[in-house]
Amino acid sequence: MENLLKGKVAVVTGGTRGIGYAIVKKYIEAGAVTILCGSREETATKALDKIKAECPDARVEAIWPNLSNRDEVSAAFMQIKEKYGSLDILANNAGISQNTPLFDYKDEDFEKILDINIKALYVCSRAAAQIMKEQGGGVIINTSSIVSFNGQGSGCGYPTSKFAVNGLTKSLSRELGRYNIRVNAVAPGVTRTDMVAVLPDEMIQPIIRNIPLGRMAEPEDIANAFLFLSSDLASYISGAILPVAGAVVI
Ligand code: NAD
């Protein structure tokens with residue numbers, strides 16, 4: 001695994017904690033120069049300090065552009081390309097979850113989830129693809145969710161956004177294939193992160209009881225799928241939505 005991404009330059013959004021942090025670590029261990037994106041300077045630099053302590057030889061830095069602002073993201077990605085020579089991998093992982101019942105939903109909350117879970121992916125993919133097209137190729141991987149297949153019983157905005165992630169993944173894989181850009185998504189099941197820690201036990205426990213592999217995913221389980229899809233081992237895989245969910249069907 002050590003050199004699987006040697007010479008590659010990777011950006012991971014939502015890289016400060018949870019699944020994103022595990023992806024950052026996995027990419028670093030595989031030899032990539034890795035740029036982690038956070039929502040704020042404070043959390044991004046804190047995560048940077050942590051990863052540097054865990055991986056002292058890492059070539060890693062932190063940025064915190066507004067992910068749904070085209071100018072900010074384009075400028076940040078261009079700086080990376082100028083500094084390191086390329087931008088080879090984009091892991092579009094930042095996301096928020098909601099489980100609000102329909103009649104309690106505030107319109108601004110619905111809009112917020114669409115903004116970070118969908119618009120940011122479009123903005124970041126566009127900015128990265130521009131660079132990847134010019135350099136002759138690249139890889140984009142989106143974090144979807146197992147709820148992108150059948151929805152969930154409360155909090156309709158979240159599965160709605162993840163269905164859109166699958167749509168963006170499949171559409172961009174077809175549009176960008178001619179530029180040697182592969183686009184895939186990973187669809188995690190319930191994974192042990194802060195996002196799940198805030199959900200009520202009565203929502204989580206029945207899900208875990210129904211997981212054939214008998215446990216929740218660890219962030220590293222998901223990061224392994226990102227590593228595979230980012231590497232040349234997946235050189236002919238594009239347009240795939242890969243469930244990493246312990247065989248659960250929800
Ligand atoms: P988390 O809450 O631990 O981490 C979310 C990350 O997204 C953080 O780094 C945070 O800074 C970033 N983020 C949130 N809002 C942002 C914003 N406005 N701008 C920039 N960054 C922002 O959650 P996680 O569980 O690690 O989730 C990561 C991804 O995995 C999300 O897309 C989520 O939908 C998806 N996912 C999680 C689970 C799960 O069970 N944990 C299951 C399926 C899919």
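I would like to begin at one end of the sheet, where Val186 has Leu242 of strand E7 as its bridge partner. Before going further, let me say that this is a predicted model, and everything that follows should be heard with that in mind.

That residue pair belongs to the pairing of strand E6, residues 181-188, with E7, which runs in the parallel sense over four bridges. Stepping back to the whole sheet, we have an open arrangement of seven strands, paired in parallel, in the order E3-E2-E1-E4-E5-E6-E7. Strand E3, residues 60-63, and strand E7, residues 241-244, stand at the edges with a single partner strand each, so that one side of each is left without a neighbour in the sheet. From one strand to the next, the twist averages 20°.

Now to the helix that packs on this sheet. H1 touches E1, E2 and E3, and also strand E4 (89-92), strand E5 (138-143) and E6, while its direction makes about 170° with that of E1. Helix H2, residues 41-54, lies across E2 and E3, and runs at about 170° to E3.

Let me turn next to strand E2, which comprises residues 33-37 and is mostly covered, with five of its five residues buried. How are its two faces occupied? On one side we find Val33, Ile35 and Cys37, and on the other Thr34 and Leu36, all of them buried, so to speak, on both faces of E2. The general background is that in a regular strand the side chains alternate between the two faces of the sheet. Strand E1, residues 9-12, pairs with E2 in the parallel sense over four bridges, and within that pairing Val9 has Val33 of E2 as its bridge partner.

Finally, I come back to H1 in order to look at its helix neighbour. The axes of H1, residues 18-29, and helix H9, residues 219-230, come within 8 Å and cross at roughly 50°, and the two helices are therefore oblique to each other. The crossing of H1 and H9 is right-handed. On the H1 side the contact is made by Gly18, Ile19, Ala22, Ile23, Lys26 and Tyr27, and on the H9 side by Pro219, Glu220, Ile222, Ala223, Asn224, Phe226, Leu227 and Ser230. What is the character of the residues in the contact of H1 with H9? They divide into nine nonpolar, three polar and two charged.

Methods:
Residues are numbered from 1 along each chain as its sequence is written. This is a predicted model: local features need pLDDT of at least 70, side-chain atom pairs count only at pLDDT 80 or more; totals for chains, interfaces and linings use all residues. Side-chain values use heavy atoms; hydrogens and water are left out. Axes are lines fitted to C-alpha atoms, for helices over the stretch in contact, and angles run from 0 to 180 degrees between N-to-C directions. Angles under 35 degrees count as roughly parallel, over 145 as roughly antiparallel, 65 to 115 as roughly perpendicular and the rest as oblique. A crossing is left-handed if the near helix is turned anticlockwise from the far one by less than a right angle, and right-handed if clockwise. Contact means heavy atoms within 4.5 Å. Ala, Val, Leu, Ile, Met, Phe, Trp, Tyr, Cys and Pro count as nonpolar, Asp, Glu, Lys and Arg as charged, and the others, Gly among them, as polar. Buried means under 20% relative accessible area, exposed over 50%, partly exposed in between (1.4 Å probe, protein chains only). Two strands pair if DSSP finds at least two bridges between them.
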